[in-house]
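Let's take a walk through this protein together, one part at a time. Keep the sequence and the 3D view side by side as you read.

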Amino acid sequence: MAQYLTIDQGNTEAKISLWEDTELVDTVLEPNLTPSKVSDFVAGRRLDGAIYCSVVQNNGPVINRLSHLSRCVYRLSPSTPLPITIDYATPRTLGSDRVAAAVGAWSDFKGKPILVVDAGTAVTYDYVDPQGTFRGGNIAPGITMELKALNHYTARLPLVPFPENMASLRDSLMGRYTAEAIALGAVYSVVASIGYYRSRLPEDTVVVLGGGCGHHLASLCDFEVHVDEHLASKGLNRILLYNEN
């Protein structure tokens, strides 16, 4: 069975994933991506293909190492052929992570209108129509970024940690003390945005949540959502297979 490697380099960490065709075999989060760490993860396997994408500066040494580990290597860029169509005024400024997440969602829900929410350092809200065309989207601060900004740009508001157990917030609408008020404000600003975008899109729109906060946010949504913490990696795998075929 063919083996493929995907690397999704985000703002704070990289996700390295191993696939057998379309099945996820193993994955690891790496805060400091280096060629040696890629080699350690591959562990002597001869890869049939690898694909790398980054929202920050491309890691040349890692891409070079991939060329020694894999039969072929792709770097996701605006010129990479995709299984979806991009309808965006400035495609060269469109984040590769947004493209990958959109392809990942489209691979599971072809023919449906899709709201793709990728909640990480930033939160992106993107729309893919039933014909598989990326129609654009919006970008907003992520929960951790909001918490840090409130502390940094005010004189007295404390730095509140990320609320790991969001399900416990479900019965709390208004904060009763300052730390709770900050946590609820940051969390519900994202939940409310998901609901708003969903209400403005076609009635049968499928909501797909990716990113590290997907499961947390799903527990607070009062409508059906589909959570895939490997959404961008899945999209990268499908893009790689599309180019191979």
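**Starting with the tyrosines**

Tyrosine 197 has a relative accessibility of 22%, which puts it in the partly exposed class. Keep in mind that you're looking at a predicted model. Its sequence neighbour here, tyrosine 196, is partly exposed as well, with a relative accessible area of 44%. Tyr196 and Tyr197 belong to one aromatic cluster together with Tyr125.

Now widen the view to the aromatic rings in general. A pair of rings is described by how far apart the centres are and by the angle between the planes. Searching the whole structure turns up three aromatic pairs. One of them brings together tyrosine 88 and phenylalanine 134 in an edge-to-face arrangement, with 6.1 Å from centre to centre and 70° between the planes. This pair ties together distant parts of the chain: tyrosine 88 sits in the loop between β6 (85–86) and α3 (96–108), while phenylalanine 134 is in strand β9 (residues 133–141), 46 residues apart. What about their exposure? Tyrosine 88 is partly exposed, at 24% relative accessible area, whereas phenylalanine 134 is buried, at 0%. Another pair is formed by tyrosine 196 and tyrosine 197, also edge-to-face, with 5.8 Å between the centres and 65° between the planes.

Next, the sheet. Strands of a sheet pair through backbone hydrogen bonds, in either a parallel or an antiparallel way. Here, six strands make an open sheet, and if you step across it you meet β6-β9-β8-β7-β10-β11 in that order, with mixed pairing. At the edges are β6 and β11 (226–227), each pairing on one side only.

Zoom in on β7 (114–119). On one side, β7 pairs with β8 in the antiparallel sense over six bridges, and a hairpin of two residues connects these strands. You can trace that pairing residue by residue: isoleucine 114 has valine 128 as its bridge partner in β8, and alanine 119 has valine 123. With β10, β7 runs parallel, and five bridges join them. There, aspartate 118 is partnered by glycine 210.

How buried or exposed is β7? Six of its six residues are buried, so the rest of the structure largely encloses this strand. In a regular strand, side chains alternate between the two faces of the sheet. In β7 both faces are covered: Ile114, Val116 and Asp118 are buried on one side, and Leu115, Val117 and Ala119 are buried on the other.

Strand β4 (49–54) tells a similar story. Six of its six residues are buried, with Gly49, Ile51 and Cys53 on one face and Ala50, Tyr52 and Ser54 on the other. β4 pairs in the parallel sense with strand β1 (residues 3–9) over six bridges, and in that pairing threonine 6 stands opposite isoleucine 51. β4 also runs parallel to strand β5 (residues 73–75), joined by three bridges; here alanine 50 stands opposite valine 73.

Those buried strands lead on to the nonpolar core. In soluble globular proteins, nonpolar side chains tend to be buried together. The largest nonpolar core in this model has 29 residues, and the members that touch the most others are Leu76, Ile84, Ile114, Val116, Val128 and Val208. At least two residues each come from β4, α3, β7, β10 (206–210) and α7. Which element supplies the largest share of this core? That's α3, with seven residues.

Finally, look for the empty space. Rolling a probe the size of a water molecule over the atoms shows where such space is left. The largest pocket has a volume of about 940 Å³. Its lining counts 36 residues, and those closest to its centre are Thr12, Ala119, Gly120, Thr121 and Gly212. α4 contributes the most to this lining, with four residues. Sorted by class, the lining has 13 nonpolar, 15 polar and eight charged residues.

The second largest pocket holds about 300 Å³ of space. It is lined by 17 residues, with Ser77, Pro78, Leu94, Gly95 and Ser96 nearest its centre. Nine of the lining residues are nonpolar, six are polar and two are charged.

Note on methods: Residues are numbered from 1 along each chain as its sequence is written. This is a predicted model: local features need pLDDT of at least 70, side-chain atom pairs count only at pLDDT 80 or more; totals for chains, interfaces and linings use all residues. Side-chain values use heavy atoms; hydrogens and water are left out. Rings of Phe, Tyr and Trp (its six-membered ring) pair if their centres lie within 6.5 Å; planes under 30 degrees apart count as stacked, over 60 as edge-to-face and the rest as tilted. Buried means under 20% relative accessible area, exposed over 50%, partly exposed in between (1.4 Å probe, protein chains only). On a 1 Å grid over the protein atoms alone, a cavity is a set of points where a 1.4 Å probe fits but cannot get out, and a pocket is an open set with protein on both sides within 12 Å along at least five of seven lines; lining residues have an atom within 4 Å of a point. Grid points are joined across faces, edges and corners, and a volume is the space filled by probe spheres set on the points. Ala, Val, Leu, Ile, Met, Phe, Trp, Tyr, Cys and Pro count as nonpolar, Asp, Glu, Lys and Arg as charged, and the others, Gly among them, as polar. Two strands pair if DSSP finds at least two bridges between them. A nonpolar core is a set of buried Ala, Val, Leu, Ile, Met, Phe, Trp, Tyr and Cys residues joined through side-chain atoms within 4.5 Å.
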